[in-house]
Amino acid sequence: MKTALTKKEVHALFKTVRQLRDRGIAIMFISHKIDEIFEIADDVAIMRNGRNVYLGATSSLTRKEFTYYMTGRELTDTRFCPENVSAEPVLEVKNLTLAGSYHDISFELCKGEILGVTGLLGSGRTELALSLFGLLKPDSGEIYLKDEKVKISSPIEAQKLHIGYVPEDRLTEGLCLRQPIADNITLSSLKRLSSKLGLIKQKDILAEADVWVKKFSIATDDPMKHASTLSGGNQQKIVLAKWLSNELDVLILNGPTVGVDVGAKQDIHELLHELARQGLAVIIISDDLEEVVANCSRVIVMKDGAIVGELQNEDICSQAILNIIR
Amino acid sequence: MKNKTGLKFNYTFLLLGFLVAILIVFTIAKPTMLWAPDTWKAMAIQFPEFGVFTLGVMLCFIIGCIDVSFVALGNFASILAALLMRTVTDGTLPESDTGLIVLLAILLALVVGGLGGLLNGSLISRLGIPPILATLATQMVFRGLSIALTRGDAVTGIPEIYGEIGHIYLLGIIPVPMLIFLIVFAICAFLLKCTTYGKKLYMIGSNPKAARFSAINVTRMINVTFVINGVIAALSALLMVNTYNSAKADFGSSYLMRCILILVLDGVLPDGGMGKILDVLISIVTIQIIASCVNMFPELNTYYSSLISAALLLITLMMTSYLFNPERKVRRAEKKEELPKESA
Amino acid sequence: MELTRKLRRMTRKTEFYLFIVLVLMCVAIQIISGGQLLEPNTIVDIARSLTIFGMFALISLVVVISGGFDLSFPTLASLTYSVSTSICLSMGWCQETAWMAFLLAAVIGLVLGMLNGFIISRFKLNTMIVTLGTQTLFLGISMGLLQMPEITSTLPLGLRYFGEDSLFEVFSSTGMRSTMPTAFLLFVALAVIVWFVLRFTMFGRALYAIGGNEVSAERAGINVKRTKFWLYAFVGLVAGIIGMLRVCMVRQAIPKGLNGWDLKIIPAVILGGASIYGGEGTVFGTLVAAILMTVISNSLLLIGIDSYWQDFFNGLVILAGVTISAVQAKRRSI
């Protein structure tokens with residue numbers, strides 16, 4: 001619920017919540033964001049798999065214990081270190097402009113890099129992503145893929161150009177909830193799995209789905225179950241699998257771990273590191289600064305539709321990003 | 001395991017149950033008439049008329065688009081065909097050309113059906129008009145054209161050969177209309193189960209936005225589906241021409257509701273993404289049996305079959321809604337939690 | 001200035017453009033037909049056609065605003081008036097006035113509407129499909145179960161008198177006589193009532209809310225079930241009365257008399273600016289759309305078009321209308 005608020009709004013909300021508490025009103029605050037819980041909650045009840053696994057004051061709980069109770073695993077923070085970054089950029093964007101959304105956007109992206117795009121809500125990040133994926137036509141500017149100028153006019157074109165997009169809202173934009181998991185995973189690779197005449201065998205679909213279920217440790221016993229039966233994190237994994245089922249040069253992810261539990265979040269981040277190491281160029285759009293700092297080798301900060309700052313490697317930290325935004 | 005109708009139990013069994021129940025009821029009432037071979041022969045000729053329509057519309061429903069124009073489109077196509085065929089019988093063209101003209105007329109009807117379907121599809125996919133409105137409008141247009149061309153009268157003068165072909169019995173027992181239905185059924189079943197077209201159909205119906213985001217050509221899929229529906233509708237109307245030996249603007253007026261009723265009855269809701277073709281087949285047969293059985297009772301007129309069908313539909317809707325009610329599932333889960341505590 | 005701001009807001013609405021179209025169309029027809037449109041005869045004839053069409057459009061508007069579709073009102077109305085008229089006939093009522101018939105129609109319509117309301121509100125089902133079912137159900141009951149006869153010459157006199165009751169008469173230059181039916185006042189009254197309910201009552205606001213987002217409406221404290229139930233119940237009641245009104249005006253009670261009206265009325269309501277997803281729509285827009293369609297239907301003869309082309313032209317108008325509103329909606333969302 002609170003994932004749609006900016007930092008300013010979150011602060012305002014917390015202020016109000018504290019005021020209500022001081023007035024004697026009991027408040028139940030539901031969230032899976034560690035920072036928020038530690039900031040606002042006096043006591044915390046942690047639930048996992050329908051059971052209450054911890055009940056007590058937040059003051060006597062460490063972050064590591066919190067993560068352990070939430071996921072049942074010990075998790076370690078790994079920061080992304082780029083390897084095998086190509087010398088030539090695979091994606092070049094020059095002076096891309098869309099009136100009312102973003103203007104004069106220019107950047108390069110090399111293979112093996114994870115580029116973070118961050119900024120406040122309304123900074124044009126999502127519109128930029130949609131333009132790179134063919135859903136929003138820019139007014140002017142140029143896009144080059146592997147040194148060739150391209151016009152990305154639709155998602156179908158984008159797929160042909162080996163660009164994939166994991167959308168912001170997986171429920172409305174990423175998944176067909178009432179269809180089987182296997183069908184969701186194979187949706188973008190039907191051409192590859194079918195014969196010339198368009199014939200497709202169910203066992204081919206199941207085989208492909210099995211590959212990804214195993215690879216991503218998706219928690220399901222039957223890939224023919226509806227996608228709605230999965231948790232947020234697993235759902236996000238299917239959307240990821242759907243695109244990775246294709247040969248990709250560039251993968252854009254918009255809010256990849258929004259509404260995802262800590263365990264799946266870690267899984268997805270590790271996946272992205274691995275993909276980058278294997279040569280994929282990744283763009284992560286996120287307003288979760290921790291995520292950006294831990295996973296990106298380069299960060300672009302956007303404000304009001306323009307790029308207002310860029311950070312590289314060791315310079316990337318939450319404070320630096322916030323400084324640029326303000 | 002949840003199947004395509006989204007229910008925890010097998011919906012097909014429910015429909016089969018209805019069918020069996022209907023058969024039992026009418027066997028008790030009119031055993032000799034129901035099981036006479038003539039009855040089934042008559043049914044085999046009648047049900048393809050609305051059965052073929054239903055199969056075409058089913059494709060549109062699965063992709064999430066309701067179509068109320070299919071009967072009007074079919075009639076329009078068949079009227080054009082009939083007008084063309086009349087040129088042989090009224091002397092405009094020599095009798096020797098009859099066979100050729102009949103063939104051309106059939107082809108004409110199918111092409112017109114396809115074009116009309118393309119119109120529907122384009123309005124919906126390119127202009128973004130909601131399907132109910134687009135097809136309501138085109139229905140008026142098609143019907144209006146039909147009435148304008150025929151001045152409300154039936155187009156007669158169909159060459160004899162047309163009726164002769166239509167009344168052939170293959171292998172002595174399968175009438176041509178039934179054969180056509182079986183062919184269309186086979187094609188639709190094949191499309192739905194074995195092709196990427198079928199997969200995309202269900203996915204788009206389930207969430208067109210996500211399909212678009214997954215690089216599926218939703219526009220082309222909608223157009224293709226409506227073209228297929230148009231061709232099938234024209235085919236079905238040609239069957240009606242065979243039955244009535246003429247073409248008229250308001251033939252099959254009860255079929256619009258009947259086909260939609262059948263589809264909804266077996267879970268193919270116009271919301272999209274659901275339905276099994278087997279269920280549709282069972283429902284078509286069920287409705288036909290009801291209609292035929294009602295005919296056996298001279299005291300009951302034909303409207304009784306509509307009444308029974310509608311009542312069946314409403315009961316089924318209420319039942320499946322109740323059984324599928326998510327609130328009820330939560331309450332049942334809570335009850336399960338309580339029981340072990342009590343025994344402890 | 002306040003006035004310019006109001007004007008600017010007005011021009012952005014569909015209803016405004018629709019009104020312009022209506023005016024332009026009237027001007028065009030007037031010119032083409034050589035001045036026949038604005039003759040008092042024509043206007044009165046149009047008003048007569050408008051009475052029933054407009055009233056049905058108004059009750060459909062209310063349903064569409066709530067996000068639903070009521071496809072059953074034609075057969076609901078015809079079942080109601082058939083039964084009501086038959087009862088009056090057999091009991092010998094309505095020899096002088098029409099009150100009993102209308103009262104019966106109201107009661108029967110209310111009961112049938114409650115059936116709709118019960119099924120729709122209790123079992124969260126698609127309203128289009130449910131009313132499709134009840135539409136067939138009502139038809140099956142009236143033509144099958146009850147086997148309602150066609151009542152033409154035996155129509156109770158009271159109904160006939162009411163139908164002939166007129167406010168005034170006008171004579172055309174050729175001596176043709178057109179009477180303005182008293183029923184037109186009922187149409188005006190209904191329009192005022194609907195406008196008032198939508199604008200100033202909690203019930204009306206609830207309808208807009210439910211049509212906008214049913215879940216939010218429920219969370220905001222609106223009793224969606226109860227609102228929907230009474231909505232369809234009242235629609236049934238009014239539909240019954242309108243049906244009875246039509247019987248008086250055409251002086252016959254034919255069970256299939258209103259068949260196909262659902263498919264005529266809904267496009268008119270959408271043309272008038274209501275959204276099929278619910279939450280939008282005004283009485284003004286619906287009225288303008290109803291007038292537009294009635295004018296076109298009635299003037300085809302005036303401009304020399306064969307009456308056989310009427311349906312086709314109606315269809316074209318609807319097609320144009322839904323296209324424009326779809327394109328407008330697209331522009332608004334971008």
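Mentor: Two residues are in contact if their C-beta atoms, placed from the backbone, lie within 7 Å, and we shall read this predicted model with that idea in hand.

Trainee: How many residues does the contact take from chain B and from chain C?

Mentor: Chain B gives 39 residues to the contact, while chain C gives 37 residues.

Trainee: Which helix of chain B gives the most to the side of chain B that touches chain C?

Mentor: Helix 6 of chain B does, with 14 residues, and the helices that each supply at least two residues of that side are helix 6 (131-150), helix 12 (255-265) and helix 14 (303-323) of chain B.

Trainee: What is the make-up by class of the side of chain B that touches chain C?

Mentor: That side of chain B has 28 nonpolar, nine polar and two charged residues.

Trainee: Now to a single chain: what does the domain assignment give for chain A?

Mentor: The assignment gives domain 1 (2-71) and domain 2 (89-325) of chain A, and the C-alpha centres of these two domains lie 29 Å apart. Their contact takes six residues from domain 1 of chain A and seven residues from domain 2 of chain A, and on the side of domain 1 that touches domain 2 the residues divide into one nonpolar, five polar and no charged.

Trainee: Which residues touch the most other members of the largest nonpolar core?

Mentor: Of its 288 residues, these are Val282(A), Leu263(B), Phe56(C), Ile59(C) and Val269(C). Leaving aside neighbours within four places in sequence, Val269(C) is in contact with several residues, among them Ala57(C), Leu61(C), Val64(C) and Ala289(C).

Note on methods: Residues are numbered from 1 along each chain as its sequence is written. Chains are lettered from A and ligands numbered from 1 in the order in which they are written. This is a predicted model: local features need pLDDT of at least 70, side-chain atom pairs count only at pLDDT 80 or more; totals for chains, interfaces and linings use all residues. Domain bounds come from an automatic or database domain assignment. Ala, Val, Leu, Ile, Met, Phe, Trp, Tyr, Cys and Pro count as nonpolar, Asp, Glu, Lys and Arg as charged, and the others, Gly among them, as polar. Helices (H or I, at least four residues) and strands (E, at least two) are DSSP runs, numbered from the N terminus. A nonpolar core is a set of buried Ala, Val, Leu, Ile, Met, Phe, Trp, Tyr and Cys residues joined through C-beta atoms within 7 Å. A residue is buried if 20 or more other C-beta atoms lie within 10 Å of its own, exposed if 12 or fewer, and partly exposed in between; C-beta atoms are placed from the backbone.
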